[in-house]
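This report goes through one chain, from its helical part to its folded end. Please keep the sequence and the model open while reading.

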Amino acid sequence: MSVRVPQLDLATILKQPNPHIDLRTNTYETSTRNFLKALTTWKNRSINTISERRKSQVAEKKRLTEKIQQVETETNQCKLREIDLVAELEKEKEERQEMELSVAAFKRQLASLRDKCSSIDSEIEQYRVITENLRREKNKERSILRKNASRVNPDLKFCEENLGFSMEGIENDQLFVRFWRLDPTDPERDASLVLDVSSTSYRVLTSSPLLPSLPILLTSLNETGDIYLFVKQAREKYRELYQGPTS
């Protein structure tokens, strides 16, 4: 609020015994103090405002810096991921090429196997026909053998009973040889052995009763290969075992 300064009458003032002009310094000082106080308040407010703005700018700058760093980090991660993806795609491409080559190889093998299967099927069919023919021939031979055996069996039985000797095949490549009529006091008392003829080196698998001279007879058999002589000698040794040596 401004104070209006009244006009001065200088002549009147000079006529006074003690001329004096009231300069109203109190009012001036009060106005000055109010102005300085207002100026100080404005200055402090301005400083606070500037300080707040500065803090806000620093905080915003920090936030933007962190955001930039985060974006750069994410960008770098994306670039690394892109490199990894490119590597994976390249690897998948190579694996796909390898698989395609493997599939092509398997297809070739499958085609080859199918050809072989077809060839084998043809061979199987041929063998089936051959087997059927052989089976028919074998059945025919068996029929002939049965007819012959039916005629021979009575004579064979007669010879076996009179000779006290029989021989038949058992298992694979084994002959069961049985002797009886060895002891006049007990015609049914018998002896037997099993001869293995699966190779040129003959072996006696079992002997009942045990014949002490059997190793000698077996050595002679392997030297001569004469089975009939071996059977004849074995019968004689069994007879001697039961009756004693011939005087």
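Helices are here DSSP runs of H or I with at least four residues, and they are numbered from the N terminus. With that in mind, Trp 42 has its place in helix 2, which covers residues 25-163. The model is a predicted one, and its local features are considered where pLDDT is at least 70.

**The helical part**

Trp 42 counts as exposed because its relative accessibility is 53%, and exposure in this sense begins over 50%. Together with Phe 35, Leu 36 and Leu 39, Trp 42 forms a nonpolar patch on the surface, and the accessible area of these four residues together is about 450 Å².

Further along the chain, the UniProt record, in an unreviewed entry, places a "coiled-coil region" at residues 54-116. What does the model show over residues 54-116, in terms of helix and strand? The chain is 100% helix and 0% strand there, and the C-alpha atoms at the two ends of the span are 90 Å apart. Ser 56 also lies in helix 2, and with a relative accessible area of 45% this serine is partly exposed. Ser 56 is separated from Thr 206 by 150 residues in sequence, while their C-alpha atoms are 116 Å apart in space.

**The C-terminal domain and its core**

For residues 170-238, UniProt lists, again in an unreviewed entry, "domain: Chromosome segregation protein Spc25 C-terminal". In the model this span is 33% helix and 28% strand, with its end C-alpha atoms 22 Å apart.

Which residues have the most contacts inside the largest nonpolar core? They are Phe 179, Leu 193, Leu 195, Val 204, Leu 221, Phe 230 and Tyr 238, in a core of 19 residues. At least two residues of this core come from each of strand 2 (174-179), strand 3 (191-196), helix 3 (214-224) and helix 4 (227-243), and the largest share, 6 residues, is supplied by helix 4. As a general background, nonpolar side chains in soluble globular proteins tend to be buried together.

Phe 179 shows how such a core residue is surrounded in the sequence and in space. When its neighbours within four places in sequence are left aside, Phe 179 is in contact with Gly 164, Phe 165, Arg 189, Asp 190, Ala 191, Val 231, Ala 234, Arg 235 and Tyr 238. One of these partners, Arg 189, also takes part in a salt bridge, with Asp 183.

**Salt bridges**

Side chains of opposite charge can pair when their charged atoms come close. The structure holds 9 salt bridges, and the table gives three of them with their N to O distances.

| Basic residue | Acidic residue | N to O distance |
|---|---|---|
| Arg 81 | Glu 88 | 4.0 Å |
| Arg 189 | Asp 183 | 3.4 Å |
| Arg 239 | Glu 236 | 2.6 Å |

The partners in these pairs can be described by their accessibility as well. Arg 81 is partly exposed, with a relative accessible area of 44%, and Glu 88 is likewise counted as partly exposed, at 38% relative accessibility. In the second pair, Arg 189 counts as partly exposed at 37%, whereas Asp 183 counts as buried because its relative accessibility is 10%, and buried means under 20%. In the third pair, Arg 239 counts as buried at 17%, whereas Glu 236 is partly exposed at 33%. Arg 239 and Glu 236 both lie in helix 4, 3 residues apart, which is about one turn of the helix.

**Backbone details in the loops**

Where does the chain have a cis peptide bond? The bond from Ser 208 to Pro 209 is cis, with omega near -5°, and Pro 209 has its place in the loop between strand 4 (203-208) and helix 3.

Two residues that are not glycines deserve a look for their phi values. Asp 173 has a positive phi of about 60° and lies in the loop between strand 1 (165-170) and strand 2, where it is partly exposed, with a relative accessible area of 45%. Arg 181 also has a positive phi of about 60°; its place is in the loop between strand 2 and strand 3, and at 46% relative accessibility Arg 181 counts as partly exposed.

Terms used. Residues are numbered from 1 along each chain as its sequence is written. This is a predicted model: local features need pLDDT of at least 70, side-chain atom pairs count only at pLDDT 80 or more; totals for chains, interfaces and linings use all residues. Side-chain values use heavy atoms; hydrogens and water are left out. A nonpolar core is a set of buried Ala, Val, Leu, Ile, Met, Phe, Trp, Tyr and Cys residues joined through side-chain atoms within 4.5 Å. Buried means under 20% relative accessible area, exposed over 50%, partly exposed in between (1.4 Å probe, protein chains only). Contact means heavy atoms within 4.5 Å. Patches are made of residues with over 30% relative accessible area and no salt bridge: like charges are joined within 9 Å, nonpolar side chains (Val, Leu, Ile, Met, Phe, Trp, Tyr) within 5 Å. Accessible areas come from the Shrake-Rupley method with a 1.4 Å probe; for residues, only the protein chains shown count as cover. A salt bridge is a side-chain nitrogen of Lys or Arg within 4 Å of a carboxyl oxygen of Asp or Glu. UniProt positions are given in the numbering used here, feature names are shortened, and annotations may be inferred rather than shown by experiment.
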